[in-house]
Amino acid sequence: MLISDVMGWVGASLLVGAYFLVSTKKILPTSVTYQLMNLFGALGAMVNVFVQKAYPSVILEFVWASIAIYGLYKAFKH
């Protein structure tokens, strides 16, 4: 298994885990934890889809990571 595959699996797990934690009200969608899980999840998935040359998915993960960075900015601003 390539390192990009591992990064993709970890990224997908973080994204799904973040969604699960918010859906079950274990964390708030405005929390730093949620935003970090989304950021690192998107980055891991982005590496994997880039290596696979799935460029539309690279853009999706880039946007996802950008939203997480904005969420972190807002969380730290307060």
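This is a short selection-by-selection walk through the predicted model you have open.

**Stop 1: helix 3**

Start by selecting residues 55-77, which make up helix 3. Put a distance between its end C-alpha atoms and you should read 33 Å; at 1.5 Å a residue, 23 residues should span 33 Å, so the two agree.

Now colour the buried residues of this helix: Val58, Glu61, Ala65, Ala68, Gly71 and Leu72. What do they pack against? Turn on helix 1 and helix 2, since the buried residues of helix 3 pack against both. As for the spacing you see along a helix, an α-helix has 3.6 residues a turn, so residues three or four places apart point the same way.

**Stop 2: Phe76 and Tyr55**

Stay on helix 3 and pick Phe76. Is Phe76 buried or exposed? Its relative accessibility is 61%, and the cut-off for exposed is over 50%, so Phe76 counts as exposed. Add Ser31 and draw a C-alpha to C-alpha line: the pair is 9.5 Å apart in space, with their positions 45 residues apart in sequence.

Then jump to Tyr55, also in helix 3. With a relative accessible area of 43%, Tyr55 is partly exposed.

**Stop 3: the nonpolar patch**

Keep Tyr55 selected and add Met1, Ile3, Val6, Met7, Trp9, Val10, Val47, Phe50 and Val51; with Tyr55 they form a nonpolar patch on the surface. Together these residues have about 1000 Å² of accessible area. Which helix gives the most to the patch? That's helix 1, with five residues. Helix 1 (3-23) and helix 2 each supply at least two.

**Stop 4: Asn38**

Over to helix 2, residues 32-51, where you can select Asn38. Asn38 has a relative accessible area of 5%, and anything under 20% is buried, so this asparagine counts as buried. Show what surrounds it: beyond its neighbours within four places in sequence, Asn38 is in contact with Leu15, Ala18, Trp64 and Ala68. You've met Ala68 already, as one of the buried residues of helix 3.

**Stop 5: Asn48**

Last pick, still in helix 2: Asn48. Asn48 is buried too, at 12% relative accessibility. What does its side chain reach? Show the backbone of Ser4 and you'll find its oxygen 2.9 Å from the Asn48 side chain. Expand the selection past the neighbours within four places in sequence, and the contacts of Asn48 are Ser4, Asp5 and Gly8.

Definitions and conventions. Residues are numbered from 1 along each chain as its sequence is written. This is a predicted model: local features need pLDDT of at least 70, side-chain atom pairs count only at pLDDT 80 or more; totals for chains, interfaces and linings use all residues. Side-chain values use heavy atoms; hydrogens and water are left out. Helices (H or I, at least four residues) and strands (E, at least two) are DSSP runs, numbered from the N terminus. Buried means under 20% relative accessible area, exposed over 50%, partly exposed in between (1.4 Å probe, protein chains only). Contact means heavy atoms within 4.5 Å. A polar contact is a pair of N or O atoms within 3.5 Å; within protein, one must be able to donate a hydrogen and the other to accept it, and residues adjacent in sequence count only if both atoms are side-chain atoms. Patches are made of residues with over 30% relative accessible area and no salt bridge: like charges are joined within 9 Å, nonpolar side chains (Val, Leu, Ile, Met, Phe, Trp, Tyr) within 5 Å. Accessible areas come from the Shrake-Rupley method with a 1.4 Å probe; for residues, only the protein chains shown count as cover. A salt bridge is a side-chain nitrogen of Lys or Arg within 4 Å of a carboxyl oxygen of Asp or Glu. The expected span of a helix is 1.5 Å times one less than its number of residues.
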